[in-house]
Amino acid sequence: MKIVVDCRMIGSGGIGSYVSEILPHLLEKNNCLLLGTHAQCMDFVRSQNAEFCFCDTKPFSFSELRSLPRSVNEKIHQYDLFFSPYCNIPGNIHIPIVSTIHDVVFLDFQGLVGFWGKCARKWFYERAIKKSERIVTVSEFSRERIKETLKCRKRIMVTPNGIPSYLLRSKSREDEEIGERNEILFVGNVKKHKGLTILLDAFKTAVESGFSGKLVIVGNADNFRTGDEEAAKKIRLLSETGATSGKIEFTGRISNEKLRSLYVRALVLVQPSLYEGFGIPPLESLCVGTPALISDIPVFREVYEKLPVQFFSAGNSSDLAQKLISSDFSRLSEKEIALAREKYSYKKSAEILSNSFKDILGVDE
């Protein structure tokens, strides 16, 4: 098959990671036109089945809504199908389209955006559904929320997230020299639905009860100015006063290798989310042998069923604190690590996508 893959979100957080990880597997059996800048596509342009088409039109821009540049549009229409890893779809495309809605958190969770921000996102979601042959999402939970919230009657495929390739490499000397494991790790953005305030309250209780380790937050403290203001206030207070003074650390922007190192040496990864479409940090933590303590929201019950995680009551900082204090966070066994690595993979998700593309195009196996 000849597939256009929109790569213009590469470098933009989780969505960029999703397309970067799934693309190598799509390229194994399909001829793909990679749409994006040189920097975004550089890792793939020399792949055997890849062709590159330069395009710097910004996602969600008015230019994109009208049409991509004429030369780009002409190239696109030499292919069979257009795949978007998000809900932004360029105008004036007349080949079958498959687009992705990872979650509808901005519609389901109050307070993330204002009224007009919510309306804009809903418009883009509905436009994607209207223009697409099929919709892709990352969990059964998100599939049901898309159906209910957006009244979607199109077929919705579930292609779960997987483990990033940088975490799947062989053990290094660093893995063998873990040292003292006394850090609680939080990986995620600073939006309210991530539940960081719950973790902060629980951490304060744990420290006052004798926990001697640190709380390490992957990201920049400055991001809280435009994220969770309540969490920002608590962090300032806890960082400067009382038993937690000096025990909260921000990493700033870090490389994948540095993040891997943080996962490996952490005592436990805590994911206190109130809402997720999938929630990948616990899976990343498990695959390097570090325990995960996560909220019992429905999507986590779905995604992490039969995986070696420990749940706490969502939104309940007292329950989280008690588990931080009393749990034995021993490193996972090789069998448990293998279970986490085998359950989800981008290769499996790429196969689901490819089979759906074949179905849409009427291609025989």
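Author: A residue counts as buried here when its relative accessible area is under 20%, and as exposed when that area is over 50%, with partly exposed in between. Please keep in mind that the model we are looking at is predicted.

Reader: Happy to start there. Is Thr137 buried or exposed?

Author: Thr137 is found in strand β6. The cut-off for a buried residue is under 20% relative accessible area. Thr137 comes out at 0% relative accessibility, so this residue counts as buried.

Reader: Which residue offers its backbone oxygen to a polar atom of the Thr137 side chain?

Author: Leaving out residues up to four places away in sequence, Thr137 touches a set of residues that includes Ile101, His102, Ser142 and Met157. In one of these pairs, a polar atom of the Thr137 side chain lies 3.3 Å from a backbone oxygen. That oxygen belongs to His102.

Reader: Now for the whole strand: which residues of β6 are buried on the two sides?

Author: Strand β6 spans residues 134-137, and both of its faces are covered. One side carries Arg134 and Val136. The buried residues on the other side are Ile135 and Thr137.

Reader: How many bridges join β6 to strand β7?

Author: On one flank, β6 runs parallel to strand β5 (residues 97-100), with three bridges between them; there, Thr100 has Val136 as its bridge partner. Strand β7 (residues 155-158) also runs parallel to β6, and Thr137 stands opposite Val158 in that strand. The number of bridges joining β6 to β7 is four.

Reader: What is the hand of the β-α-β crossover from β6 to β7?

Author: After β6, the chain passes through helix α7, which covers residues 140-150. From that helix the chain reaches β7. This crossover is right-handed.

Reader: Let's stay with β7. Is Ile156 buried or exposed?

Author: Ile156 is found in strand β7. Beyond residues up to four places away in sequence, Ile156 touches Ile135, Thr137, Arg143, Ile146 and Lys147. Its relative accessible area is 11%, so Ile156 is buried.

Reader: And how many Å apart in space are Ile156 and Ile198?

Author: In sequence, 42 residues separate Ile156 from Ile198. In space, C-alpha to C-alpha, the separation is 33 Å.

Reader: Which residue's side chain makes a polar contact with the side chain of Ser356?

Author: Ser356 has its place in helix α16, and at 5% relative accessibility it counts as buried. Beyond neighbours within four places in sequence, Ser356 is in contact with Arg134 and Met157. The polar contact between side chains, at 2.8 Å, is made with Arg134.

Reader: Against which elements do the buried residues of α16 pack?

Author: The buried residues of α16 include Tyr346, Ala350, Leu353, Ser356 and Phe357. They pack against two sorts of element, helix and strand. The partners are α1 (13-29), β1 (2-6), β4, β5, β6 and β7.

Reader: How many Å apart are the end C-alpha atoms of α16?

Author: The expected span of a helix is 1.5 Å times one less than its number of residues. For the 16 residues of α16, the span should therefore be 22 Å. The model agrees, with the end C-alpha atoms apart by 22 Å.

Reader: Which residue just after α16 takes a positive phi?

Author: Helix α16 covers residues 346-361. Just after it comes a residue with phi of about 70 degrees, and that residue is Gly362.

Reader: Elsewhere, where is Phe60 found, given its positive phi?

Author: Phi of Phe60 is near 70 degrees, although the residue is not a glycine. Phe60 is partly exposed, with a relative accessible area of 30%. Its place is the loop between β3 (50-54) and α3 (62-66).

Reader: What is the relative accessible area of Asn92?

Author: Asn92 has a positive phi of about 65 degrees although it is not a glycine. It lies in the loop between β4 (81-83) and β5. Asn92 is partly exposed, with a relative accessible area of 37%.

Reader: Which are the edge strands of the open sheet of six strands?

Author: The strand order in this sheet is β10-β9-β8-β11-β12-β13, with parallel pairing. An edge strand pairs on one side only. The edge strands are β10 (248-250) and β13 (310-312).

Reader: Which helix packs on that sheet, touching β13?

Author: Within the sheet, β11 and β12 pair in the parallel sense over three bridges, with Gln271 opposite Ile294. The helix touches β8 (183-187), β11, β12 and β13, and its direction makes about 145 degrees with that of β13. It covers residues 317-326 and is helix α14.

Key
Residues are numbered from 1 along each chain as its sequence is written. This is a predicted model: local features need pLDDT of at least 70, side-chain atom pairs count only at pLDDT 80 or more; totals for chains, interfaces and linings use all residues. Side-chain values use heavy atoms; hydrogens and water are left out. Two strands pair if DSSP finds at least two bridges between them. Contact means heavy atoms within 4.5 Å. Axes are lines fitted to C-alpha atoms, for helices over the stretch in contact, and angles run from 0 to 180 degrees between N-to-C directions. Buried means under 20% relative accessible area, exposed over 50%, partly exposed in between (1.4 Å probe, protein chains only). A polar contact is a pair of N or O atoms within 3.5 Å; within protein, one must be able to donate a hydrogen and the other to accept it, and residues adjacent in sequence count only if both atoms are side-chain atoms. A crossover is right-handed if, with the strands pointing away from the viewer, the path from the first strand over the helix to the second runs clockwise.
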